[in-house]
Amino acid sequence: MALITINDLLNNKKKMDAEASKTLKLHLKELDGEMEIRKLTFDEFLEIEGTKADDEIVYNCSKSPNFKDENLVQSLGVKENPVEGVEKVLSRSTIRMISGEILKFSKLVTSDKDLVTIVDEEVKN
């Protein structure tokens, strides 16, 4: 296995930039329809706090439907806190599943245990 070069890093950055703009469609059984989501950035992930984190993730990453739509916000009466609109139109279980899919799609959580492996357990000075 070869050492990683500067060129490898730069090529990986290009690949990451291309990945960042991808979207994903999810089928929602509750509404028997699809929604389109975008990836959550790590900076956005760090800003999310509180008990309604799943709602914030769905609110921020839903491209279609757009939960930030002014007409939707007004119709739901959530102008003071638009994130609350998510729980007014989706069940808690659906919100949690969408949030989980966004985190996986954004590669902020993974079950891949082989992302990083130890090459040599002996520390060399």
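In the predicted model, glutamate 101 and lysine 104 stand three residues apart in helix H6 (residues 92-105), a separation of about one helical turn. Their side chains meet in a salt bridge, with an N to O distance of 3.2 Å. An α-helix has 3.6 residues a turn, so residues three or four places apart point the same way. Glutamate 101 is partly exposed, at a relative accessible area of 27%, and lysine 104 is likewise partly exposed, at 48%. Beyond this pair, Lys52, Asp55, Glu87 and Arg92 are joined into one network by salt bridges that share partners.

A search of the whole structure yields 10 salt bridges. Side chains of opposite charge can pair when their charged atoms come close. One of these salt bridges links aspartate 17 with lysine 13, whose closest N and O atoms are 2.8 Å apart. Both aspartate 17 and lysine 13 belong to helix H1 (residues 6-20), where four residues, about one turn of the helix, separate them. Aspartate 17 has a relative accessible area of 44% and is therefore partly exposed; for lysine 13 the value is 47%, which also places this residue in the partly exposed class. A further salt bridge is formed by the side chains of arginine 38 and glutamate 44, at 2.6 Å from N to O. Arginine 38 counts as partly exposed at 22% relative accessibility, as does glutamate 44 at 23%. Since the class of buried residues ends at 20% relative accessible area, the value of 22% leaves arginine 38 outside that class, and the value of 23% does so for glutamate 44.

The strands of the model were examined next. Three strands form an open sheet in the order E1-E2-E3, with antiparallel pairing. Strand E1 (23-28) and strand E3 are the edge strands, each pairing on one side only. On average, and with direction ignored, neighbouring strands of this sheet are turned by 40° against each other. Strands of a sheet pair through backbone hydrogen bonds, either parallel or antiparallel. Between E1 and E2, the antiparallel pairing extends over six bridges; leucine 26 has methionine 35, in E2, as its bridge partner.

Two helices are placed against these strands. Helix H3 lies across E2 and E3 and runs at about 40° to E3. Helix H6 packs on the sheet, where it touches E1 and E2, and its direction makes about 155° with that of E1. Within H3 (residues 53-61), the buried residues include Asp54, Asp55, Ile57, Val58, Tyr59 and Cys61. The cover over the buried residues of H3 includes strand E2 (33-38), strand E3 (62-64), helix H5 (84-89) and H6. Asp55 is thus both a buried residue of H3 and a member of the salt-bridge network with Lys52, Glu87 and Arg92.

In the segment after H6 lies serine 106, which counts as buried at 12% relative accessibility. The side chain of serine 106 reaches the backbone nitrogen of leucine 40 at 2.7 Å. A polar atom of this side chain also lies 2.7 Å from the backbone oxygen of isoleucine 102. When neighbours within four places in sequence are left aside, serine 106 is in contact with Lys39 and Leu40.

Note on methods. Residues are numbered from 1 along each chain as its sequence is written. This is a predicted model: local features need pLDDT of at least 70, side-chain atom pairs count only at pLDDT 80 or more; totals for chains, interfaces and linings use all residues. Side-chain values use heavy atoms; hydrogens and water are left out. A salt bridge is a side-chain nitrogen of Lys or Arg within 4 Å of a carboxyl oxygen of Asp or Glu. Buried means under 20% relative accessible area, exposed over 50%, partly exposed in between (1.4 Å probe, protein chains only). Contact means heavy atoms within 4.5 Å. A polar contact is a pair of N or O atoms within 3.5 Å; within protein, one must be able to donate a hydrogen and the other to accept it, and residues adjacent in sequence count only if both atoms are side-chain atoms. Two strands pair if DSSP finds at least two bridges between them. Axes are lines fitted to C-alpha atoms, for helices over the stretch in contact, and angles run from 0 to 180 degrees between N-to-C directions.
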